[in-house]
Amino acid sequence: MMKILITRKVPEALLKRLYELPNVEVIMFDKEDEPMPREQLLAELKTADGVFSNLSDKLDREALEQAEYLKVISTLAVGYDNIDLEVAREKGIKIGHTPYVLTEATADLTFALLLATARNLPQGQQMIKNNEWSSWSPFGLTGKQVYGSKIGIIGMGRIGLSVARRAKGFSMDVLYHNRSRHEEAEKEVGAIYCSLDELLEQSDFVVLLAPGSKATYHMIGTEQFKKMKNTAYLINSSRGTNVDEKALYDALKTGEIKGAGLDVFEKEPISADHPLLELENVLAIPHIGSASIETRQEMVEVTVSNLINGLTGKELVYEVPNQ
Ligand SMILES: NC(=O)C1=CN([C@@H]2O[C@H](COP(=O)(O)OP(=O)(O)OC[C@H]3O[C@@H](n4cnc5c(N)ncnc54)[C@H](OP(=O)(O)O)[C@@H]3O)[C@@H](O)[C@H]2O)C=CC1
Ligand SMILES: O=CC(=O)O
């Protein structure tokens, strides 16, 4: 008998292929809106052969070392910074993730965040709800014009390129920074490769789409905010840990940068009394980059396939690259 652990409630209709596997016991956590408590996760992992995981499970050394039978971790996400890859490799545990299927939904959300931040949409809604809209005003709630401006994408990968395509539709100049050149982006949307400093100095919108990792931890901090234009915006839909939030707060408070649109935070969920949320020039949303119904369904499909393939000794549909 094999045991599959699903650490968050997912509609059973989408899991049919798992329930139909012979000699398999499926244990699913019964809550959709909260993570499986750590103690329970550790206890269940001890006897699990496969885990259908998600971003809020910390699959660190402590969790994985005692997972004696674990053959595959299949995570409902493209990012895998919550998983200790080194231990997984040591123990021969395969890791599956969900790239491609979430690219367009996340690019849509990133661009929506950019537009809403630049054009003060939350402030407009609040004004109406507070009954404070007295009349049309020549310069009331004016924001930065997106059309024709300059976007700088840090992390020109799958989602980065999809954001760049949207930016082209708005006649934006596209700069980007990666560790390596992305020739397809250069050819297709005329993206210009820059050093990080050049990108920060020139962009009207700095958009973060690099993965969370040791290399990207706090890659945007005090020094980087100083390099940005005072009129520029930071849009982060990658990982909260890529930005030093204390430095971001100071940069927003002192006018070093104009505003920020954030889908991700150093600690999630961000607490309602976090200083960043007191600032007028911050638009914060709760990590919903890939949250369209269609995309989440496809992500579950891929997560199930990765899990089944891992348990039956086949190649995963999308295996996390060897880092
Ligand atoms: N908000 C949300 O809900 C979602 C967030 N995400 C986040 O978006 C990230 C990107 O996803 P996706 O586009 O599919 O991933 P990709 O791997 O396709 O793209 C990531 C890009 O980041 C670049 N990169 C990696 N490390 C660095 C570094 N140290 N400095 C600069 N650039 C770097 C890579 O280029 P190179 O290797 O050349 O440096 C690569 O082009 C995910 O890892 C995840 O964290 C994804 C989906 C939803
Ligand atoms: O943040 C979401 C992901 O898929 O990674």
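**Notes on the two domains and the two ligand sites**

1. A good place to start is ligand 1: both domain 1 (2–101 + 293–311) and domain 2 (103–284) contribute residues to its shell, so ligand 1 lies between them. Please keep in mind that this is a predicted model.

2. On the domains themselves, the protein chain splits into domain 1, made of 2–101 + 293–311, and domain 2, which covers 103–284. Taken over C-alpha atoms, their centres are 31 Å apart. Five residues of domain 1 and seven residues of domain 2 make up the contact. On the side of domain 1 that touches domain 2, two residues are nonpolar, two are polar and one is charged.

3. Back to ligand 1, which has 31 residues around it. Gly155, Gly157, Arg179, Pro211 and Gly289 are the closest of these. Sorted by class, the shell holds 16 polar, eleven nonpolar and four charged residues.

4. Which helices are worth displaying with ligand 1? Helices α5 (103–118) and α7 (158–169) each provide at least two residues of its shell. The most comes from α7, which gives three residues.

5. Ligand 2 deserves a look as well. Leu55, Ala77, Val78, Gly79, Leu102, Gly289 and Ser290 are the residues around ligand 2. Four residues of this shell are nonpolar and three are polar, with no charged residues, while the shell around ligand 1 includes four charged ones.

6. One residue to keep in view is Gly289: it is among the closest residues to ligand 1, and Gly289 also belongs to the residues around ligand 2.

Technical notes: Residues numbered from 1 in each chain as written. Chains lettered and ligands numbered in written order. Predicted model: local features only at pLDDT ≥ 70, side-chain atom pairs only at ≥ 80, totals over all residues. Near = placed C-beta within 6 Å. Helix = DSSP H or I, 4+ residues; strand = E, 2+ residues; numbered from the N terminus. Nonpolar A, V, L, I, M, F, W, Y, C, P; charged D, E, K, R; others polar. Domains from an automatic or database assignment. Contact = placed C-beta atoms within 7 Å.
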